[in-house]
Each structure stands twice: as structure tokens, then as C-alpha cells.
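User: Could you take a close look at one part of this model for me? I'd like to hear about a single helix, and how the chain next to it is put together.

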Amino acid sequence: MPKMLTVENLSISFRTSEGVITPVHDVTFGVEAGRTLGLVGESGSGKSISTKALMQLLPGNASLSGETRMTYTDKAGKEIALGRLKTGSKELRRIRGGEIGMIFQEPMASFSPVYTIGNQMMEAIMLHRGLKKRAAREYAIEMLNKVGISNASARVDQYPHELSGGMRQRAMIALTLSAGPALLIADEPTTALDVTIQAQVLDLMRDLQRDLGMGMIFITHDLGVIAQIADDVAVMYLGTIVERGPARDVIRNPQHPYTQGLLDAIPSVEHLHDRLKPVPGDIPSPTARPTGCPFHTRCAQAIAGTCDVTAPTEVSTIPGRAVRCWLHSDKDRNAA
Amino acid sequence: MLRFTLERLVGMVITMLLVSVMVFLIMELPPGDYADRYAFRKYSGTGVNVTEADIEAIRRDLGLDKPMLLRYFDWIGGIVLRGDFGQAFAFETSVAKVIGDKVWLTAGILFSTLLLTYIVSIPIGIFAAVRRGSAVDYGLTVFSYLGLALPNFLLALVMLYFANRWFGADIGGLFSDQYRDASWSVGKVWDLIKHLWLPAVVLAWSAVAIQIQTVRATMSDELNKLSVTAARARGVPELRLLIKYPTRLAINPVVSTIGFDVNRIFSELPIVAVVLGLTELGELLLRAYLDLDMNVAGAILLMLTFTIVFMNFVSDLLLAWLDPRIKLGA
């Protein structure tokens, strides 16, 4: 499958009052058309800002490193260097929404409270589909129907606060999809929802993605959700991708100690009487990034003298998969 | 919206009634009344011996001997039913005559100051928030502190000096000599506008400084909202985005304090008016109090409070229009 998006060596730095921090470090990933890439990691691992960098949505004190390459192939097959688009350019505005759509964690906060759902949908439709007001309204109602909102022709004139949480996220999906993106970035879209609603929204997103043939980047901290929705997965820790591969394989047979820790931390009904097993320790502050492997401070299997000194490079022990860990690099080195 | 407007309208009328009672009580508060003052003024130094009975007679003449409640209804009834604010004792004519044009000139100064304040402070506050941390932003902050620190009358004097040097001599007052006593015409209105900007700038100065900081603060908050990022992520052009999403909510605290601004401007007006040689109501209010000329004082207070109550009503409607969630809580 051809990659619709390739991101290479993405590093993001922020100028802060405490000096320069680099929360995303040399990240490389890609998305194929029609497939879903899951980005997993704890809060602060750099999942969200990596995707925000694609659309130049980072705050003013952020900067990308010179080696960063972000290439997006649009619907017409044209290759676009995302990092080189000028702020405020027509091309960037076309990409935002029209080519790459984004759904955020909190559906309430991602709608403006002072305009109706329809107003905000029609805005996107008129911008990206070139429809006139009346046609845009028809289209908005059609999209609301499509995401399973009943009585769409009345809902379209309601304000976000008049809808329930699940309905709001459905409306947000409708809004984002109504601009016709080829790539959908979903940033923890179900985290703020009730579990039952969560499952409905996940099903909806998977179905829509298949129907529309979109590529998708699904950001979450929940490997359980990844199992349901993603084809491929990339596990992030402190701004680096520590493990990647087909979602099912990674979940069945995790290679990196961090991935193993994340899987162990998922509460399970079968082990009700056992204590929960969290990944020990806290995420180090981005201002005090550990030397060597960023995970060594929390890793039970860390090799003293190696892991805390040099950062491991990415190695592929199983075809189609990759891991960034000395435990596996050693084997690799011995084998070679 | 209609229901909300009606509710607020009823609320406004009730508030105005209560306010009129308060104004009347305030008029009654100072010890003594105009009868005492009149007797003192007429007979002091003449050697005439004024008895309690004489003052009582004057009081009866002026209608001040009736019970308070009755006088309140006479007073408010005259205003509501006939637009008659009563007799201005000290001027021996009607209040309407004494106040006359001053109402419109005062209103002119008030509203041009309000308008100027908002026209200047809102866009600048937004600009400062968007360019937060830039040299322009810091420059504006310095200006704001200057604006707050400078007393109005000093600013008025300085402005008067420069206006005089740059724009020719006649800048004090509200009219040129040729129009001062002329009847109203297009030329006179234009002349008024040419004179209004100076007091408006002086009075708006500190309000602009405060409101710039208010708008900058709320706008900075709004700019960080997810809804703004979400709108940007769907390709809304930046300028349209700024106006449509964060600005609409950021001007909320400015709109909700319109009533306070009216009050503040009116309080600052008399000093500025003295320096700039303006005719307005504030100074008249002070004199009416000194003379215990209660009908004049009452009329001015009533107009001021009604203006404030009315502007609060306007600001309520504007707020509801800006943020539809407000109507829910009504």
C-alpha cells in the first residue's frame, strides 16, 4: 500500500521560561490509505503534539528540527511538504480540514458554545466543498444522519450544550468528516465518554473509516481501544517511538518492557482479586530527560552501564515490527 | 429571545421605580430644605427678624409641607405623566428650563466617550493578546499604566495645550463662538462633533487603559480554548476565526460593565468640564445640592440612574446575543 503520510525524524522543541525542552524526539511514522495507525502512550509522551505539528497547530514557542520531513500525498496525488507550508497560505487552509481532519478529546470544548452545531458544520462545508448556504445545510443534516443522530434536521439548529456528550462527539465526527478529509486524526476521541458510549463511537468511527476509505491516526492511552480499532500501532514514551508493528501482533507479543507494562496495567475482569499492576514510577519531566534509553528509570530489566548511557536504536527482530530496546539489540548484535 | 427581552424589560421598569424611590430619599436626606435656604438668602443681612412661622409659610408656598409620600407621588407622577420635573427653586423657573440643552450635551459626551472607549480598546486588546509577549504588547501595557496613573484634569490641560497649538485657538467648550447661541442646524451639529472629540478622548483615556487589559486577558484565555484550535484545524481563515470565535466571548466583560462605565464617566465629567469649559449636568448637580434645590438634583440623579439602568438593560441584551447560553439561566 502506498503511504499517504510519511513523517521522518520529527523533533519538536519548545522555548519555555525553564529553557528549551524537546518533548518529541526523532519520531518516524507513516499512514497508509485506508488503514488506521494507533499512537499509544501515557500523558505527556508527545502523541498529540506530534499530530498537531502536521497541521501547524502548535503554539508560537514551538519549533521543528531541521531534519524533520513530513510528506503528505493529497487526494489528487500531489506530494506536499507539510512543514514548508506558509502560515495563513491557502494551501495550508485547504489541507486543514479538507485533506486532514482532526477530532479532539473533549467534544464540548471543541465546539464553540456560542454557535449552533449547524453553523459550525456549514462553515466547514462551505469552505471545503464550495457549497452555498442552503446546500451546505442540507449536507450538514445528511452528515448528522450518517453518524446516527436522530432528528438531525432539528439538531442542526441546536447549540452544543443542548446535546449529550456522546451526541456531541458524534456531531464533531460529522463536522470533521463533512469537510471530506482523506486522513483523519482522532486525538483520544472517546476518552471523555462513558464506556457504553465509547464503544458506540468507536464502532461508528471504524465503520465510517472503512466506508470512506480514509487513513486514520488514532491517539489513545488505552491499548484495549487500539486492539479494537487500529491496524498498526506505535507505542510512544517520552517523545520517542519505542515499539511499532501490526496492532494484534504487538498486543499479543509485546517486545518492549514499556509495552509489556502498559498491557499489564489494563484492569481485567478475570483477575479481580489481584492488585492492579501499574507501570512503576512516574514519567520524568521533559526538562529532565534521562540519558540513554528514556525508559531506563522505570524499567525492571534495565542493563546497568548500557541502558542509562546510550540510547538504543530501532531494530527489527520480527519482520514488520520494530523495537527500540537494548534487550533486543543485544540479540540482534549477537546474531549479526 | 423575545421572552428574555420582555423579562428584562419588566425587570428594568421595576428597577427604575425602586431607583426613583431611592433618589427621592436621597433628595430628602440633607438636613433642612429649600424653605430654610430661601429665608436665609432673602432676609440675611436685611435686619428682618424671620420667625418659624415665616419659614413655615414659605414651605407651604413651595408645597414642601405635605407628607413625604404625597410629595413623592406628586413628583414621580409629574415626571411620568407630564414629563414635568417640577420647579427649580433657586432659578425660579422650571427644572426643564434649567437643565435644557445640558441633558443632550451631557448625553453626547457620555455616549461619544463610551463609543470611543470601545472602538479603541477592543481591537487593541485583541491585537495585544494575539501578539502576546511582543514589543507591541509590552508597549501597550506601559501605556495602560500611564493611562491609569494620569489624572484626567492634567490630561485635559495637556491636551488643551496641544490642541490649541496644532488645531488653532478655539477648542475649549463644546461650540465655536459663532454657533454658541445659534439655533440647532447641521453646521452646529458638525461644530459640536469637532469639539466633542477632546473631552471624549480625555474621559475615555483611563477606561481605554483598563479595557485594553480586560480584553487582552480574556482574549488570551479564549485563544487557548480547544474550540479555537478546532476551528483552525478545519481551515477557517485566521482573521475570520479571530472575530468569529474568541472575540465574541472575549468582549463579554466589556459589554457587561457598560453601566459602570456610564457611572464612572459621569463622576469624572465635572472636573474635566471645568478644565475644558464644557456645559454639562455634573456641575449643576453639585450646585443644586449646595442650594438644597432638590427638584433639580433629583431630576439629574434620576436621569443618570435611569441611563445606567437602561444601559444595563442594553448590556443584558447584548450579552444574551453574544452568548446564547445566558438565556437558559434567565
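Analyst: In chain B, 74% of the contacts with a separation of 6 or more come from residues 24 or more positions apart. Keep in mind that this is a predicted model. Chain B has 17 helices and two strands, and its C-alpha trace spans about 85 × 55 × 35 Å along the principal axes. Of its 330 residues, 32% count as buried.

Where chain B meets chain A, the contact takes 20 residues from chain B and 24 residues from chain A. On the chain B side, α11 (226–233) and α12 (238–250) each supply at least two residues. The top contributor there is α11(B), with seven residues. By type, that side of chain B splits into 10 nonpolar, three polar and seven charged residues.

Now for the helix itself, α4 of chain A, residues 117–129. With 13 residues at 1.5 Å each, α4(A) should span 18 Å, and its end C-alpha atoms are indeed 18 Å apart, so the two agree. Of those 13 residues, 10 are buried, so α4(A) is largely enclosed by the rest of the structure. The buried set includes I117(A), M121(A), M122(A), I125(A) and L127(A), but also Q120(A), E123(A) and H128(A). What do the buried residues of α4(A) pack against? Their partners are α2 (90–99), α5 (133–146), α6 (152–155) and α7 (165–178), in chain A too. Just after α4(A) comes G130(A), with a positive phi near 65°.

Definitions and conventions: Residues numbered from 1 in each chain as written. Chains lettered and ligands numbered in written order. Predicted model: local features only at pLDDT ≥ 70, side-chain atom pairs only at ≥ 80, totals over all residues. Contact = placed C-beta atoms within 7 Å. Helix = DSSP H or I, 4+ residues; strand = E, 2+ residues; numbered from the N terminus. Nonpolar A, V, L, I, M, F, W, Y, C, P; charged D, E, K, R; others polar. Buried ≥ 20, exposed ≤ 12 C-beta atoms within 10 Å, placed from the backbone. Expected span 1.5 Å × (residues − 1).
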